[in-house]
Amino acid sequence: MRVKSMCFCLQKDTRICDSQNTFVVMGSVGSQGYGGNTLVIEKQQMSSKSNDRGRAYEYITLLVIEREIRKFRPVKIEQNSSFFAARRAWQTLSVSEKNTYEISASVAATAIFDMEPRMVEDGDDTLELFIQTDEHGEEGDVRDIIVLRRNIQWEIGLSLKHNHFAVKHSRLSYKLDFGKSWYEIPCSEHYWNEVKPIFDYLSDEKKKGTKFSELNDKENDVYIPLLTAFINEVKRQYDSHRDIPQKLIEYLLGKFDSYKVISIEREKLTRIEGFNLHGKLNLNATKQVAKVEVPILSLPKRIVHLAMMPDSTNTVELYLDGGWQFSFRIHNAETYVTPSLKFDIQIVGMPTAILTINCKWN
């Protein structure tokens, strides 16, 4: 499929080319100066610099989308607690950083409008925009920004990433039941018996005030046995619950269809991936059709491979049918020992049907 032109442009000299399902949009954006002196900077300590940047990116993306939609139809932003947190994060950026974030958000908006004509079709109803609270992510909704039209019962969501590609940062601990959270099946007694000695050891070291770097052999004492128990449990449950592959995808990528928007500064591009798992994305408007097709994806039915990655002591690889591939790297997220470890979960491979758009900045 070839896209000959964009629906409308936020930047000059827009060009688009394709290679199978990958598109490249090139353009330049003038400064809009969002978040100027009139905004009140409220004092609040953000959890980390990474969170600051992620929330700031949500803020400018929200404002850019609102600005452009307003040219076509009524639109409003819900100023909830997440909005104010994102605005505070935006105010921590330098002028140069703000310009970069705005360029990234603007080229993304251009591409999304071509896939979602309901965002910009002429109408009297008010389109609503808001940033979701973090609690929704814990419930399986990974969307950061919601675009909503109540009168036609329609919504889409955007999941935003700033300079990282991680899918999830889930944990394993002495009390967290990953099976119940991930695929709605509580972990078995076999699993808890396997991991108890590991977490007991970590609890003892925590009482001593030990640092993770001071553990004599954390690979063989912690990482390998914990990941082995994890692998065994998933395989054990899969033997009697064949819908686990589908539920794993819905846990990792979200229960709701969404566009993943990734700002990659080192490459000066914004990448958009359409995860249309249930056919809720890319719906035509009353008088407009989508200029870019977002294929509906097939959910997996089989676990093809689940094992430790060769020559690794801390990473599991998961291959599902249909081209889905993930890596799960376990690591300590804290300096001092705690009976809890975190996964860095990455997509290694995706079905060829997934639409990926690379929006280059000029």
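**Cysteines, salt bridges and a cavity in a predicted model**

Cys359 is buried, with a relative accessible area of 0%. This value, like the others below, comes from a predicted model. Cys187 is also buried, at 9% relative accessibility. A search of the whole structure finds 0 disulfides. A disulfide is a covalent bond between the sulfur atoms of two cysteines, and no pair of cysteine sulfur atoms in this model meets the 2.5 Å cut-off.

Salt bridges are another matter: the search of the whole structure finds 20 of them. One of these joins Glu97 to Arg53, with the closest N and O atoms 3.8 Å apart. Glu97 belongs to helix 3 (residues 95–115) and Arg53 to helix 1 (residues 49–69), so this pair ties together parts that lie 44 residues apart in sequence. Glu97 counts as partly exposed, at 26% relative accessibility. Arg53 is partly exposed as well, with a relative accessible area of 27%.

Helix 3 and helix 1 also hold the partners of another salt bridge, Glu102 and Arg67. Here the closest N and O atoms are 3.4 Å apart. Because Glu102 lies in helix 3 and Arg67 in helix 1, the pair ties together parts that are 35 residues apart in sequence. Both Glu102 and Arg67 are buried, whereas Glu97 is partly exposed and so is Arg53. The contact between Glu102 and Arg67 does not stand alone, since these residues are linked with Glu68 and Lys71 in a network of salt bridges.

A further salt bridge is formed by Glu205 and Lys208, whose closest N and O atoms are 3.4 Å apart. The partners differ in their surroundings. Glu205 is buried, with a relative accessible area of 12%, which is under the 20% limit for that class. Lys208 is exposed, its relative accessible area of 60% being over the 50% limit.

The last feature is enclosed space. The model has 2 cavities of 30 Å³ or more. The second largest cavity has a volume of about 40 Å³. Its lining consists of Trp182, Phe230, Val234, Leu248, Leu306, Leu318 and Phe328. By class, the lining of the second largest cavity divides into 7 nonpolar residues, with no polar and no charged ones. The charged side chains of the salt bridges described above, including Glu102 and Arg67, are therefore not part of this lining, which has no charged residues.

Key
Residues are numbered from 1 along each chain as its sequence is written. This is a predicted model: local features need pLDDT of at least 70, side-chain atom pairs count only at pLDDT 80 or more; totals for chains, interfaces and linings use all residues. Side-chain values use heavy atoms; hydrogens and water are left out. A salt bridge is a side-chain nitrogen of Lys or Arg within 4 Å of a carboxyl oxygen of Asp or Glu. Helices (H or I, at least four residues) and strands (E, at least two) are DSSP runs, numbered from the N terminus. Buried means under 20% relative accessible area, exposed over 50%, partly exposed in between (1.4 Å probe, protein chains only). On a 1 Å grid over the protein atoms alone, a cavity is a set of points where a 1.4 Å probe fits but cannot get out, and a pocket is an open set with protein on both sides within 12 Å along at least five of seven lines; lining residues have an atom within 4 Å of a point. Grid points are joined across faces, edges and corners, and a volume is the space filled by probe spheres set on the points.
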